[in-house]
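Subject: Structure handover

Hi,

Here is the structure I said I would pass on to you. Have a look at it first, then read on for what turned up.

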Amino acid sequence: KNSVSEMSAPPPEQHPLTLKVMRLMKPTLAFTTTGSRYSPLASLPGDLAAGARNVQDLTESGVSGPSRYLSLPANFGDIHLGETFGCYVSIYNHSNETVSDVSLKSEIQAQSQRFPISSTTEKEHDPTKPFGPKARTDYILKHKVTEACFNILHCVCSYTAANGTRKSFRKFFKFPVTDPIGIESTLISVHDGYMVKATLTNTSKKTLFIENFTFIPSSDQLLCTSMNPQNTENENKVENMTYLKISESKQYLFRVQFKDLSDPKAKSITMLGKFLVSWRGPFGEVGSRESKDIVHNIPYKHSLSLLIEDIPPRVIIERPFTLTMRLINRTSKVFWPQVISHSPTSSRTKLGDIMVIGKSSDILEQIPQGGNCSFQLTFLPLRAGYIPLSGINVIDKNTNNSYQFTGIHQIFVDKDEGAKESDNFINQGPEDATDVTEEINL
């Protein structure tokens, strides 16, 4: 009857020491912020606002705890990616036994790796001295979290018992880490690089103050220029610092240029760089993080290339404009092109948001191997903003092979003639049949 299955598990070993962990965090406001302008005092209830004339009134002198304007968190609280996680670890001898050589080893385990943490406490227990009854030693641990996932704090307490035996026990504390800022980016191809548009969204449950948002190029062959105005009307600012309320978004624009287009190394760059954002919480909590790498695809060079030679410096909505293009024959034979500026199976001469005016199909002169031929097309833009030019087909009359160009150029269209000069440039190299607009979610 005394089989192994019937035997009960041995009771866990009782240790003379206990280990407690408490998270270190700042209090929260005892009210919610509302209104178009972020102001803690303006958001106070009426009776509290009457007694609080400035932010210093949120703390009351001579009181060890928070004032009536502040509240302590009722639970663990939120910890965001890029912020510093801090905790208070206390080891206490609750027994009548005297031990020695008490030490603490701690680490944070994320999804991909582990991070050892060292204590920042100046005065700790000397391991060489006895650790008697009711003795206590405290540690303060800090770690900047770098992965938005469940993180686990491992704490291992080791000591030497009274009989000289070396013993240890461990505790685990699991907590979630969330991403407070969502970053979405869009690439727009221009003649010497890309326009990188980014949208920041506050996905946390508190107001965030954006200290800095920059784009870091991945290579010294790239040059980044911020296209964001320094002073924007109706922008949320507190002391020259932009803030985002809950679920609020803000857009940024950067121009990434190749320093030398003739350098073959520049054309082989696929990784453009990454975003770096830093912020502060309502009580000055510091946070920062990097985005994933912004990558663009190197287009495959086809046997036929299309180059835009001339484009007007400014294009006005619902005003015709003419583009001069050049076909380059990279085949090993003579090429006899027929240019069709819309799909042969469609009865409409519409290229997305641009209408073709006049002749939409034309047979050009034959192009020898390695040669080129120029032609012109007239378009009518139907909306303002960046419009992709695509949908041009070229058929070889000798072989009946068809070539379709779906990503040729981005045309910027102004609303009226009084607008500033737009950002239209002449392409310096041929474009092939690949899309030039990419959506990237970080």
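Before the first sheet, one bit of vocabulary: two strands count as paired if DSSP finds at least two bridges between them. Also keep in mind that this is a predicted model.

With that in hand, start with an open sheet of 4 strands, in the order β6-β5-β8-β9, with antiparallel pairing. Its edges are β6 (114-117) and β9, each of which pairs on one side only. On average, neighbouring strands here are turned by 20° against each other, direction ignored. Strands β8 (residues 150-160) and β9 (residues 166-176) are antiparallel and joined by 11 bridges. If you want a spot to click on, F150 has P176 in β9 as its bridge partner. The β8 and β9 hairpin has 5 residues between the strands, and G164 there takes a positive phi near 90°. At the other edge, 4 bridges join β5 (residues 100-109) to β6, again antiparallel. I108 is bridged to F115 in β6.

That corner also holds a salt bridge: E107 pairs with R114, and their closest N and O atoms are 2.8 Å apart. Are the two partners buried or exposed? E107 has 18% relative accessibility, so it counts as buried, given that the cut-off for buried is under 20%. R114, at 47%, counts as partly exposed.

Further along the chain, have a look at β16 (residues 249-258). It pairs with β11 (residues 193-202) in the antiparallel sense over 9 bridges, and Y194 stands opposite V256 in β16. Strand β13 (residues 222-226) also pairs with β16 in the antiparallel sense, over 5 bridges. There, L222 has F258 as its bridge partner.

Now for the inside. The largest nonpolar core has 28 residues, and those with the most contacts inside it are M325, L327, F375, F379 and L389. Several strands each supply at least two residues of this core, including β20 (304-310), β22 (321-329), β27 (372-381) and β28 (385-389). What does L327 touch? Leaving aside neighbours within four places in sequence, L327 is in contact with residues including L304, L306, P337, V339, F375 and V394. Apart from this core lies another, of 26 residues, with I79, C87, I91 and A161 among them. As background, nonpolar side chains tend to be buried together in soluble globular proteins.

Back to charges: the count of salt bridges comes to 9. Two more of them are worth opening up.

- K274 and D293 meet at 3.6 Å, N to O. K274 lies in β17 (residues 271-280) and D293 in the loop between β18 (286-290) and β19 (294-295), so the pair ties together parts that are 19 residues apart in sequence. K274 counts as partly exposed at 24% relative accessibility, and D293 counts as partly exposed at 32%.
- E309 and R326 meet at 2.1 Å, N to O. E309 is in β20 and R326 in β22, so this pair ties together parts that are 17 residues apart in sequence. E309 is partly exposed at 22% relative accessibility, and R326 is partly exposed with a relative accessible area of 25%.

There is also a network: salt bridges that share partners join K274, E290 and D293.

Over to you!

Cheers

Note on methods
Residues are numbered from 1 along each chain as its sequence is written. This is a predicted model: local features need pLDDT of at least 70, side-chain atom pairs count only at pLDDT 80 or more; totals for chains, interfaces and linings use all residues. Side-chain values use heavy atoms; hydrogens and water are left out. A nonpolar core is a set of buried Ala, Val, Leu, Ile, Met, Phe, Trp, Tyr and Cys residues joined through side-chain atoms within 4.5 Å. Buried means under 20% relative accessible area, exposed over 50%, partly exposed in between (1.4 Å probe, protein chains only). Contact means heavy atoms within 4.5 Å. Axes are lines fitted to C-alpha atoms, for helices over the stretch in contact, and angles run from 0 to 180 degrees between N-to-C directions. A salt bridge is a side-chain nitrogen of Lys or Arg within 4 Å of a carboxyl oxygen of Asp or Glu.
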